Amino acid sequence: MGLSGLTGKSAVVAGGATGIGAATARRLGTEGCCVVVGDLDSTGAKQTADSIVEAGGIAAAFGFDLADPESVGQLFESAIERFGAVDLLFNVGADMRALRGDSDILDIELDTWDRIMTVNLRGYLLTMRAAIPHMLARGGGAIVNTSSAAAFQGEPRRPAYAATKAALGALTRHVASGWGKNGIRCNAVAPGFTATEAIRSAPQWPDLEAGALKRMRSPRVGESGDVAAMVAFLMSDDGAWVNGQVINVDGGTILR
Ligand SMILES: NC(=O)c1ccc[n+]([C@@H]2O[C@H](COP(=O)([O-])OP(=O)(O)OC[C@H]3O[C@@H](n4cnc5c(N)ncnc54)[C@H](O)[C@@H]3O)[C@@H](O)[C@H]2O)c1
């Protein structure tokens, strides 16, 4: 038996072309959701949606840009046109390319700082702002945001990334507090090192894996499906009593 209460729900995955977002979109597809896969990478979004449909699920793909308020609005209009509702939102997109310049606070270019804030943080504000009225119209809904172990662990690099991921905790608690009584739950997952296809194919993969294993208590690194499982649970009725939390999904990297 799968998770309860997901069949027939309309789910928007904002950043579902690759990695954790793609795995979660596929998981929601197998749980019976109608999945809207949105991403800046519209080709990748279509591949994810196609894989859901090939597996017997229901999905549609749309290109959109977390940095552009109009484009975010369009994504939700398309979702409503296609499936008539928005019940669930998984915010997972992040500008991973900009991270190359996310060095330290003495050195980082302000354009890089602004870009990371705009996509990773303001983008989630925009998607939630677009989704909540539709959820209210349905009498409730569930949102999951993607934080990171980087929000907690204190790293000498990636200050903008870590700041956006920590700020998402505050935004998550704000939404849970603001609309919890209206039946909207808002939680976040904070993945640790997760071996997406992109990370596995990096030339430094063996070193990355060895370093990650040292930092965690579990005997293996995480897979995208490990995070997808937690997101699906949080969105399902099995997670009905969980609200306003940031859940570490990281093989015991961060203990708190
Ligand atoms: N993989 C890890 O080890 C790890 C660890 C902790 C947190 N995370 C978080 O998980 C999420 C997914 O990461 P991933 O590793 O699967 O990476 P990924 O690069 O595969 O996924 C990010 C997705 O966001 C999309 N995106 C980028 N800019 C966008 C924009 N402006 N508008 C819309 N979409 C945009 C990308 O095209 C991509 O599909 C991110 O939020 C990341 O910070 C990942």
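Which element provides the largest share of the shell around the ligand? I shall take that question as my starting point this morning, and I note at the outset that the model before you is predicted.

The answer is α1, which contributes 3 residues to the shell around the ligand. The shell as a whole holds 29 residues, and the closest to the ligand are Ala17, Gly19, Leu66, Gly93 and Ala94. Two elements give two or more residues to this shell: α1, spanning residues 19–30, and α7, spanning residues 197–200. As for its chemical character, the shell is made up of 15 nonpolar, 10 polar and 4 charged residues.

Let me stay with α1 and turn to its helical partners. The first I wish to discuss is α2, residues 42–54. The axes of α1 and α2 come within 9 Å and cross at roughly 25°. Since angles under 35 degrees count as roughly parallel, α1 is roughly parallel to α2. The crossing of α1 and α2 is right-handed. On the α1 side, the contact involves Ala22, Ala25, Arg26 and Gly29, and on the α2 side it involves Thr48, Ser51 and Ile52. Sorted by class, the residues of this contact between α1 and α2 comprise 3 nonpolar, 3 polar and 1 charged.

The other partner is α9, residues 224–235. Here α1 and α9 pack at an angle of about 50°, and their axes are 8 Å apart. These two helices, α1 and α9, are therefore oblique to each other. Their crossing, that of α1 and α9, is right-handed. From α1, the residues that make the contact are Gly19, Ile20, Ala23, Thr24, Arg27 and Leu28; from α9, they are Ser224, Gly225, Val227, Ala228, Ala229, Val231 and Ala232. The contact of α1 with α9 consists of 8 nonpolar, 4 polar and 1 charged residues. You will recall that Gly19 was also named among the residues closest to the ligand.

I should now like to consider a single residue of α1, namely Ala22. Is Ala22 buried or exposed? Ala22 has 27 other C-beta atoms within 10 Å, and it is therefore buried, the threshold for that class being 20 or more. Leaving aside neighbours within four places in sequence, Ala22 is in contact with Gly16, Ala17 and Thr48. Of these, Ala17 has already appeared among the residues closest to the ligand, while Thr48 belongs to the α2 side of the contact with α1. For a sense of distance, Ala22 and Asp237 are 215 residues apart in sequence, and their C-alpha atoms are 22 Å apart in space.

Two loop residues complete the presentation. Leu40 lies in the loop between β2, residues 34–39, and α2. With 18 other C-beta atoms within 10 Å, Leu40 is partly exposed. Not counting residues up to four places away in sequence, Leu40 touches Gly63 and Asp65. Leu40 and Asn91 are separated by 51 residues in sequence and by 13 Å in space, C-alpha to C-alpha.

The remaining residue is Arg158, found in the loop between α5, residues 150–153, and α6, residues 159–179. Why single out this residue? Most residues other than glycine have a negative phi. Arg158, although not a glycine, has a positive phi of about 60°. Arg158 is partly exposed, with 18 other C-beta atoms within 10 Å.

Key:
Residues are numbered from 1 along each chain as its sequence is written. This is a predicted model: local features need pLDDT of at least 70, side-chain atom pairs count only at pLDDT 80 or more; totals for chains, interfaces and linings use all residues. A residue is near a molecule or strand if its C-beta atom, placed from the backbone, lies within 6 Å of it. Helices (H or I, at least four residues) and strands (E, at least two) are DSSP runs, numbered from the N terminus. Ala, Val, Leu, Ile, Met, Phe, Trp, Tyr, Cys and Pro count as nonpolar, Asp, Glu, Lys and Arg as charged, and the others, Gly among them, as polar. Axes are lines fitted to C-alpha atoms, for helices over the stretch in contact, and angles run from 0 to 180 degrees between N-to-C directions. Angles under 35 degrees count as roughly parallel, over 145 as roughly antiparallel, 65 to 115 as roughly perpendicular and the rest as oblique. A crossing is left-handed if the near helix is turned anticlockwise from the far one by less than a right angle, and right-handed if clockwise. Two residues are in contact if their C-beta atoms, placed from the backbone, lie within 7 Å. A residue is buried if 20 or more other C-beta atoms lie within 10 Å of its own, exposed if 12 or fewer, and partly exposed in between; C-beta atoms are placed from the backbone.
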